[in-house]
Every structure is written in structure tokens, then in C-alpha cells.
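Thanks for coming. I will go through one model today, and I will keep to the geometry.

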Amino acid sequence: MTRRMSNPSPEVDEQMMRRAIRLAMNGRGLVEPNPMVGCVIVKGDRVIGEGFHAQYGGPHAEPAALAACTESPAGATAYVTLEPCCHTSKKTPPCAPRLIEAKLRRVVVGCLDPNPDVNGKGIGMLHDAGIEVVGPVLEAASKQLIAPFLTALSHRRPFVTSKWAQSANAKIAGTVGRALRITNEVSDRVVHALRARCDAIIVGTNTVLADDPLLTARGVDSTRPLLRVVLSNSLKIPLTSRLVTTARDHPLVIYSSVASAAGSSRLVEGLQSAGAEVVLLDDHDGRFSFSDVLADLHARRVTHALVEPGPTLTRYLFARGQADRVWVFQSPHPIDEAAALSAPKVMYPETARADIAGDTLIEYLNPQSEVFFSPEPSADFLLAADADA
């Protein structure tokens, strides 16, 4: 994609693109289903403006950076994490013409936009206007930044994060699955912040029976609706559970199979009467497929799904490679019960870890995922680490 040789060194280009990537992360949880995008404008050796896509439907990163410029951007270089858009079939005006109007000399791009309305066309528009276009620069990192966007656009499913807490000796619950408080209050706040940035939170039947969770984002500001999801082959979900009794106030979708529901018609009717939506999927060897769940969630515009699994659901996801990312909150304290449940072993490479007021947050990325590009700490991870700094 590089059109001409550029004056600044590759090291400077990478440094500024890193800055733009980190800036883009400030839009996490606010811009979806759009991608996070950051833009840094440099003139000489000075940053004169920077911006990021801060709100779905609001200004994109490039016009935000231009508006923040402390002097004329004419002759400057813009570092943009994603190819500037050029199409008009969206809420905001296209960005490539704005960069042309600003008389930039040079635009450095992190990665191309795979959207067919843009893919290469934004770059072409800039080049045809006489602007030097350089890139991709830090392409893998720029793609990893927007992995959820790429997952939805190219693979028509949500990005999947699996999350659990474990003790210092890798136990996730007490004897016979007895629920225990494992992590500290700061870690709990980080979890609720993550929930608030996602579109759906998923658990299995055993978690509903053992923990009676509410599955909401509490104590954090959030403008995103959070869809609560239960995967249940058995449909043994008590009508008195907190999930069901709050279904009219907080959306609840229960996925099961056609065969399971055939013998549970009264229970299905009871769940639906309480306000839950029961979705019956085709059977695959006596069970429904998580891939079918993800396809249905994609149709509901879910871009990022958070799974808080028990051991059974975790084994299922790992066996099929269906977790794109794993978060483990590890307490410094052990659970000294001989029959305590053990945490699964994560076979993915660790990408980052951070201290969360004494607990340790460890992030892993699945290298076999369709949307693994680089072992970069995710936006969620860096935001969590910054919040506890």
C-alpha cells in the first residue's frame, strides 16, 4: 500500500501509530458496532492534534483530531489506525475528503478497512489528491485492536471472551461447586466495567443453579444494553431465579434445543410468561451448537460476548477453540479444600498480566482464532490496568 518513500523514520512512524492505537482504546464500549479508531496529527516533530472515535454516531477520529489541532494541519502527517472512510452510507460524513481539505502532506495508515464500501478506496482517494500514503504500519497490532469489529464484519459472529476467577492454587469454587468469594472488590469493579463494555453475557445452566447470578453491570456508567444469555440443554432454570424474575427489566435469552424443549413445554411457557425469550436451536448429537448461538447473537447486533463459564462450558469452548480471549483473575489466597473445583488450564499464550489491588489479571489470546493477529494486550486489559494504576 506504500505509494512513495517518506521522510520520517520507520521508528517515528511506529511510535506515532502506537500512540494512535492507544488513543483509539478510549472509545471501547462506546463506539460499537463501529471499530475503535485513533488519529494523531504531527507537524515537524510536534503533535499538533489528536482524537479518537468517541461515540457511535459521533465524529470519527480524523475530524476529531483536525478539530483539536493547535495550528494549521497543512503539510502535516496524520497517523490513523484504520483506513480513512470514503463512503456516505453511514451516520457521519466521510473522513478521507476531510483530510484532503486540510491539505495534509502525508497519511500513515495502520490497516485497511475490510468493509467493501471502503477497502482500498479511501487510500485511493487520498493518493489521487496528491497525498503521500504510507502503510500498513503496525498492521497486526492495528487489526488486533479492532478484532471484535473484524469478527462481526468478516465472520458474522461476536468476539468471545471467557472470564473466571481462581485462587492461588487454581481453584474456582469450594467443595461440590460451592460458591466462594475469590477476588477482591477492585477486581469485581473491573469485571463489571468489562460487562458494561460488552453486548451480551453468557452462562450455562450449572452456573444459574449454583450461583443464582443477576448478570448485570453494577456500579459503573453504561449506555449499552446488556443481553443476558443462558445456554441450557436441560432447561432446568428455576422460575424463581433472579435471572427469570428480572427478565422484564433486563433482557434474558435462553438457548436450548428443539429436542430438549419437546418434553418441557410447560417450563418453556413459564419462562416466556416471565418475560424470558426461549430460542430453540437445531440438535447436533443431542445438543445445540454454540456456533448457532453465536450466529443468532450476531443477528441481534452483538459484537462482543462475555462468557462467564463453569467447568463444563469452559471445556466445551476450549475443545472447539471458540474462545478468542481468556481473562483469569487470580487471587493471592488459596482455597484449602481437598474437593474444591479446579480451574481449567489455559493452553493459549499469555499476552499480559497486571496487578489489581493484590489480585492478578492475566490475559490470554487464542492463536488459532480467526481474529488473532498479534499478541497485543487488548483495549479492555489496558483500560483495566490503567484504572487500578
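I'll start with the rings. W164, F318 and Y348 are linked into a cluster by ring pairs. The structure holds 3 aromatic pairs. As a reminder, a pair of aromatic rings is described by the distance of the centres and the angle of the planes. There is also a charge over a ring: R320 lies over the face of Y316, and its distance from the ring centre is 3.7 Å. Keep in mind throughout that this is a predicted model.

Next, the empty space. Rolling a probe the size of a water molecule over the atoms shows where such space is left. Here the largest pocket comes to about 1000 Å³. It is lined by 33 residues, and those closest to its centre are K163, L180, T207, D211 and E308. Which elements give two or more residues to that lining? They are two strands, β6 (159–166) and β7 (171–175), and three helices, α7 (185–197), α8 (205–211) and α13 (311–320). By residue class, the lining of the largest pocket has 17 nonpolar, 9 charged and 7 polar residues.

Now the sheets. Strands of a sheet pair through backbone hydrogen bonds, either parallel or antiparallel. One open sheet here is built from 9 strands, in the order β11-β10-β9-β8-β12-β6-β13-β16-β15, and its pairing is mixed. Why is one side of β11 and of β15 left without a neighbour in the sheet? Because β11 (277–281) and β15 (350–356) stand at the edges, each has a single partner strand. From one strand to the next, the twist averages 20°. Inside this sheet, take β9 and β10 as an example. Strand β9, residues 227–231, runs parallel to strand β10, residues 252–257, and 4 bridges join them. L231 has Y255 in β10 opposite it.

There is another open sheet, of 5 strands, ordered β2-β1-β3-β4-β5 and again with mixed pairing. Its edge strands, β2 (46–52) and β5 (132–134), each pair on one side only. On average, neighbouring strands of this sheet are turned by 20° against each other, direction ignored. At the β5 end, β4 (residues 106–111) pairs with β5 in the parallel sense, over 3 bridges. V108 has V134, in β5, as its bridge partner.

Last, the backbone exceptions. Most residues other than glycine have a negative phi, and most peptide bonds are trans. Where does this model depart from that? The bond joining E32 and P33 is a cis peptide bond, with omega about 10°. P33 sits in the loop between α1 (10–24) and β1 (38–43). A cis peptide bond also runs from G135 to P136, where omega is near -5°. P136 is placed in the loop between β5 and α5 (139–145). As for phi, D212 is not a glycine, yet its phi is positive, about 45°. The loop between α8 and β9 is where D212 lies.

To recap the elements that came up twice: α8 gives residues to the pocket lining and borders the loop that holds D212. Strand β5 is an edge strand of the 5-strand sheet and borders the loop with P136. Strand β6 is part of the 9-strand sheet and also contributes to the lining of the largest pocket. That is what I have for today.

Methods
Residues are numbered from 1 along each chain as its sequence is written. This is a predicted model: local features need pLDDT of at least 70, side-chain atom pairs count only at pLDDT 80 or more; totals for chains, interfaces and linings use all residues. Side-chain values use heavy atoms; hydrogens and water are left out. Rings of Phe, Tyr and Trp (its six-membered ring) pair if their centres lie within 6.5 Å; planes under 30 degrees apart count as stacked, over 60 as edge-to-face and the rest as tilted. A charge sits over a ring if NZ of Lys or CZ of Arg is within 6 Å of the ring centre and within 35 degrees of the ring normal. On a 1 Å grid over the protein atoms alone, a cavity is a set of points where a 1.4 Å probe fits but cannot get out, and a pocket is an open set with protein on both sides within 12 Å along at least five of seven lines; lining residues have an atom within 4 Å of a point. Grid points are joined across faces, edges and corners, and a volume is the space filled by probe spheres set on the points. Helices (H or I, at least four residues) and strands (E, at least two) are DSSP runs, numbered from the N terminus. Ala, Val, Leu, Ile, Met, Phe, Trp, Tyr, Cys and Pro count as nonpolar, Asp, Glu, Lys and Arg as charged, and the others, Gly among them, as polar. Two strands pair if DSSP finds at least two bridges between them. Axes are lines fitted to C-alpha atoms, for helices over the stretch in contact, and angles run from 0 to 180 degrees between N-to-C directions.
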